[in-house]
Amino acid sequence: MPSLAEAMQQKHAFLAGEADIIVVGAGHAGCEAALAAARLGCRVILFTMTLDSLANLPCNPNIGGTAKGQMVREIDALGGEMGRLADEHMIQFRMLNASKGPAVKSPRAQIDRTGYQRGMKQVLESEPNIRLIQQEIVGLLVDNGAVEGVIAATGSLYRASRVILCPGTFMDAEVIIGESVCSSGPDQLAPSCGLGDALKALGLPTTRFKTGTPGRFHFRSLDTDVMELQHADAVPRPFSFDNEDDPSWQPLAEKPCYITWTTPATKKLIEDNLDRSPLYSGVIKGIGPRYCPSIEDKMVKFPDHERHHVFLEPTGLDTAEMYASGLSSSMPEDVQAGIYKTVPGMEHVEVMRPAYAIEYLLVDPTSLTLALETKAVHGLYLAGQINGSSGYEEAAAQGLMAGINAVRSLRGESPIIIDRSQAYIGVLIDDLVTKGTSEPYRLMTSRAEYRLLLRQDNADARLTPLGHEIGLISDDRWHRFLEKQSAIEKEKNRLKSVRVPKDALSDRVLEEAGSTPLKYSVNLLSLMKRPELNYDKLALLDPDRPDLAASVRECVEVDIRYEGYIRLEQERVDRFRKLERRLIPQDIDYKKIRGIRLEARQKLDARRPVSIGQAGRISGVSPADIQVLLVWLEQHHRQMSAT
Amino acid sequence: MNPDQDTIAAFSTPPGESGIAVMRLSGPDAAAICDRLFVPVSNTFPKPSQMKGYTLAPGTWAGIDDVVLSCFRAPCSYTGEDVYEISCHGGKAIREGVLASALSAGARAAGPGEYSRRAFLNGKLDLASAEAVMDLIEAQAEKQAKAAYRQLKGDLSNAVRIRADQLYAILAHLEMLLDWDEEEERDEDRITITSDLKEAESALQHLVSTFRSGRVVREGLHVVIAGNPNVGKSSLLNALSGRSRAIVSDIPGTTRDTVDIDVTLDGYLLHLTDTAGFSCETDDPIELEGIIRAGDALNEADIVLWVLSPPLPTHQDRRHQEERIKALVAQGIPVLLILGKDDLRPTLSSDDDPVLYAAERFPDFPMLAWSYKDPEALIRLKEKLVAFIEKGELDSSPDLPMAGAPEDQCLDAKKIETGAAAGDDFLRTATDANQTVAVVSERRLYLDENVGFLDETTEKELLREAGGTAKRDLLQDASSGRSTGSEVLITHERHKAAVDRALDLTSQAVSDLERGLSFDLVAITVREAISELSLITGDDVSETLIETIFSRFCIGK
C-alpha cells in the first residue's frame, strides 16, 4: 500500500479532497456511519458508486422483524437514522410475537423502497458536514500501519486519518443464475473491484460468502384470490422514539401481503433439476445462510416437508413489483419459470427480476477490535456485510458504532463498546468479533443471553443516556426521555399505593377477567402480576387512573408483570459484567504463559480479547485456560505493583 | 468460567471410610450457609456468623450429624476468605449428606485446585507458588479432560447427553416459534411443548433416581444381606465371595455382628455386609447389639438382599420383617428378595413356602429363588447385581425357576466354601484368592478363627494386583481430581447437583406453561436447565442451540 506521500510523488497526482473521516459505500452501514460522524461535528466524505441507489433494499422490502426490530429501536435510541426513515416510508406494520411475551415482541414494517432511498439521500444532502461523492474507491493510503486516505478508480486521492469501509456485497461480487455467472453487484449494479485486493495486501484475512434473493413479479399477474391475505396490524407503531405517542404519525399506506404455498409438483420439479443447481453442481463455493435457504436447499434438507410458505410482499407505494419471500433460488431461469407455475396463484406470473445468488468477498471479523477497527491498520474501520453479517439492520448498527468510534478515536477518547447485556447491537458485534461467523450472520433473539432485558419497549431506557453522552441525542429528545422515565416510575409508585378491597366489585371484575377473587385487600401492583391479568383489565378497579401515553403504559406493565424474571436476569448480568470488567493488558504475551493449551493460546494470541469475559467466549478456550489466565493476571499485577 | 465470588465446598479429607472427615466451606457466604445448617449444641456457643477467627463450636449439622465447626475469618485462613471447617463423622452417607446440604444451601462444589487458586489470588501464597498452582490447574484440566472423555463414553453421561438433547429439541422448538414463526401463539404449540417437557422431566427424574449407580461404579456397591435368623444369609455371603468368611452353622444367631467383605464382580467392586438376623425372641445383649448394627448397615445400603427361607418365622417376626422391608423401600433402598433354601421347596408345606409367602405379601418385588447348592442361582444373582449396577435399577421380574435343582448339578457346600465353584464365568474373581479381598470390619465382635486380618498394605497390594479391579481403579483415577482423591465424591455430587437443578428448572417450566406464562419466559427457564446439564456435557449452549434449530426446522421465508 502506498502512503499519501508516496502517492503524491506520482505524475499528475491529484489530492481531490480532505476530511476527518472517509466513509466508503452508502448502504445502510455507510449512511449511518457518515451521519453519526457528521452529527458529532466531523467533516465527512461519503463515497458511493452511484448516487441513484444509495440506501438500497436489494432483498426483502422490510425493516425490522425478530431481534432486528429491537435493534432498529436501539439504533434510534442512540441517535441513528434508520428508525425515523422507516417510519416515514412504512407501508405496512406488524408487531410480531405480540402473544409470545415482551422479550420477543418485535416490530416489523414493509417499506416503500424507492421512497426510503430518496429520503436517505435528502437527509445526507442536507447534512452540512457531509460531502457526498460518486466515486469508486479501489485502494487505501497507508503509512506505518495507519490509514491516511483512499484512492479512487480515477486515480484521485482523498485524505483522512479515519476510513470506514462499508462495501456491502459489492466487493468482487458475482451474480449467479443457473449456469450464468457474471461479475456484478446486486440489482445489476457494478461490482467493486480493487478494494478487495487492497485489503488482502494489507494482510486482512478474507473469505467469500453467498446469499441470494427471490424474484420480483408484476402484481397484476398474481391470482391473489387463491392466496391468504395478511393485513397490517390495526394499530401501527413507529420505530422511532421521536414519533412515539405522536397522534399525527401514520404509516404512508397499508398494503397487505399474500400467502401461498409450494406444492408436491414444486418439489418434484426441483428434485428433477438439482443437477442444474449451482449450489449442488459446485459452481457456488461461498457459504450461504442457513436461516435464509434457497427453495432448492429447503427441498433437499427437509424432504419430509409437504409444502413451504411463500409470502408475496409489496416493494413500494408506486410500483407493481412484488417480492416472493420463500422462493429465493439460484436455479437457471427456465427452471425458475417452471417452479412458479407449480405455486398456486403464481401460475401465470410475469417475472420482472429473476431470483439470483450472489457471492462476495468479506473480511474475517475476528481481525477487528470491538470498536470495529482493524487490528492490522490503525484508523481503518469496517462495517456491515464486509464483516460477515447480513441484513440492513445489522449493517446500520455496525455503521453507527463504527462512525461513533472513528470520531472518538480521532479525538483521543476511549471507544464506546456496548456489551451483550446492554443491547442487541452488543450481541451482534461481540458475536462477530469474538466468535467469528461461518455463514452470513443474522441476528436472532436466541443469540441474546439476556433477552428479557433487551426489549423493544425499553430500548430508550437502555441506550438513550449513552446516546446523550455520546452527543447524538438532541436536548429536546433528552427531555422527553426524562419525562417518560419519570412518568413510568410515578405510575409504578401509584399502583403500589392503590389498594383494591375485597368486595363485590373486585370479585366481579376479577371473575370476568378469568381470575380468582381476592382473599384480602391487595395493591394494584401485586394484582397486575397475576398471569391472567394486565393493566387494562384492572381499569374498573382503578378509577383514578391517569391518562398515560401508550408507551408509558407498556413499560409500566412489563416492569411490573415480569419483575421477578427481570431481577433474576439482572443478577445474571451482574455476574457476567464482573468477568467483562476483568481486563487483560493488551501487551500480554500468551506464548509466555505456561499452562494454557496450544489451541487456546493460538486463539487468544490471534483474537487479543480485552477482558476475561470475552476470552471465555472464544471457541477453543476452556474454563481451565481461563483459570490459568486469571492466575497469570494476578501474578502480573503483583509484579507490576511491586516495581 | 469461575466467578471467584461464589462460596465453594469440598471435603479436604480423602474419601472412603474414616473416623472423621473435614469439609471446608470458603467464600463470602460461608457464614450465612453455616447459619442455615448448623445448630450449636447450646446457646453458650455463638451462631456461626458471630464466631470469631479460630473458634470452635460443637453442634448439629442440618440434622445429619453431630459435628464440630471451626471458623477462620478472612483474611486469616488458607484461602484468605471466610473459611468454615465442618468436622463430621466419616461415613459415606454422612459425608454425602453434609456436602449435599451445603450445596443446597447455596455453596458450589469446588473445582480442581480452586482452594489453592483462591489462596493465591488473595495473596495467601507467595509468587513462587503461582507456578505450582498453574501446574496443578493444568494437571487437573488434563485429568478432567480425560475424565470427561471417559465419562462421555460411560452410560451415565450418555444418559445426560440424551436428556440434554431432549431439552435442546424443546428449546429449539420454542426458539423457532419466537424467532421465526410469523403467527401468534397457537394452542397446539403450548400443548406439544408442555407434553415434551413433561417427558423430559420424567426422564430427568429417572436419571436422578439412577444416580446411585454412578457412585456405585466409583466407590463400590454396598450390598447388605439381611433377614431373620438362620435363613442362610451367611451362606449367601460365602457364595458371593467364593470363600468361607462368615461362620456358617445351623444355630440361629451365629452371626452376631456385621461381617464385611469386599469382592469384585465383573470388574465392579462390591462391599458385602452380612448382618445379624432380626429376631424379637432374643435378649442376648450381644445379639441385640448386632441387630442394632444391622439396622445401621441397612441404612447405608445401595441394595438389600433380604433372605426369606423356610421355615418361615413366627407371625410376629413376619410382621416385623414386613415392616422393615417396607420401610427400606420407602427410604428408596432397593430390596431384592432372596427366596432361600430353594432345594428344600418340594418338601415344604404351603404354609412354610417362601415363594408363596413372598407372592402374597410382596407381589411387586423383584425376587430370586436361591439355593447355595445351585450354581445357576448364583449366576442369576450375579447377573442381577451387575445389571443393577449398570442400569441403576432392579429388574423387577421375578426370577423363580422350578424349585429344586437336579442333584447332579449341585455342588457340595464344601466346594463353594473353598472358592472352587465351577461353571461360573463370574467367579473369575473368586477362583483366584488374589482377586478377592476380604476386609473384616473392626466392629466385628466375634471372629472366626479361620479368618485372618489383612493389614492395610496387603489390602492395597491385593487391590492393585487384582485384575478385576481395573475398572474401578480407572474410574477412580478418572474422577479423582486431587491427590487426596476427594473429587471422587465431589464429581459425583457436582453432577448430581447439576441434574437436580436441571430437573427443578424443567418442572418449573412445565408449571409456568400450565399457568399460562409467555413462551419467552419459559424459554429462559429451559435454557437455564440446559446450562446446568452443560456442566456435564461441556456444550457451548448457544452454538448447540442454534445448530439444533437449523437442523430441526426449515427456517427462513
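How do the axes of helix H21 of chain A and helix H3 of chain B cross, and within what distance do they come? I started with this pair. I kept in mind that the model is predicted.

**Entry: H21(A) and H3(B)**

I took H21 as residues 623-642 of chain A and H3 as residues 114-121 of chain B. Their axes come within 10 Å and cross at roughly 25°. Angles under 35 degrees count as roughly parallel, so I logged H21(A) and H3(B) as roughly parallel to each other. I then checked the hand: H21(A) passes H3(B) in a left-handed crossing.

Next I listed the contacts. From H21(A) I noted A:Gln627, A:Leu630, A:Val631 and A:Glu634. They meet B:Arg117, B:Phe120 and B:Leu121 in H3(B). By class, I have four nonpolar, one polar and two charged residues in this contact.

**Entry: H3(A) and H11(A)**

I turned to a pair inside chain A: H3, residues 68-78, and H11, residues 392-410. I found axes that come within 9 Å and cross at roughly 25°. H3(A) and H11(A) are therefore roughly parallel to each other. H3(A) passes H11(A) in a left-handed crossing.

Which residues of H3(A) and H11(A) meet? On H3(A) I wrote down A:Lys68, A:Met71, A:Val72, A:Ile75 and A:Leu78. Facing them on H11(A) I have A:Glu393, A:Ala396, A:Ala397 and A:Leu400. Sorted by class, the contact of H3(A) with H11(A) has seven nonpolar, no polar and two charged residues.

Key:
Residues are numbered from 1 along each chain as its sequence is written. Chains are lettered from A and ligands numbered from 1 in the order in which they are written. This is a predicted model: local features need pLDDT of at least 70, side-chain atom pairs count only at pLDDT 80 or more; totals for chains, interfaces and linings use all residues. Axes are lines fitted to C-alpha atoms, for helices over the stretch in contact, and angles run from 0 to 180 degrees between N-to-C directions. Helices (H or I, at least four residues) and strands (E, at least two) are DSSP runs, numbered from the N terminus. Angles under 35 degrees count as roughly parallel, over 145 as roughly antiparallel, 65 to 115 as roughly perpendicular and the rest as oblique. A crossing is left-handed if the near helix is turned anticlockwise from the far one by less than a right angle, and right-handed if clockwise. Two residues are in contact if their C-beta atoms, placed from the backbone, lie within 7 Å. Ala, Val, Leu, Ile, Met, Phe, Trp, Tyr, Cys and Pro count as nonpolar, Asp, Glu, Lys and Arg as charged, and the others, Gly among them, as polar.
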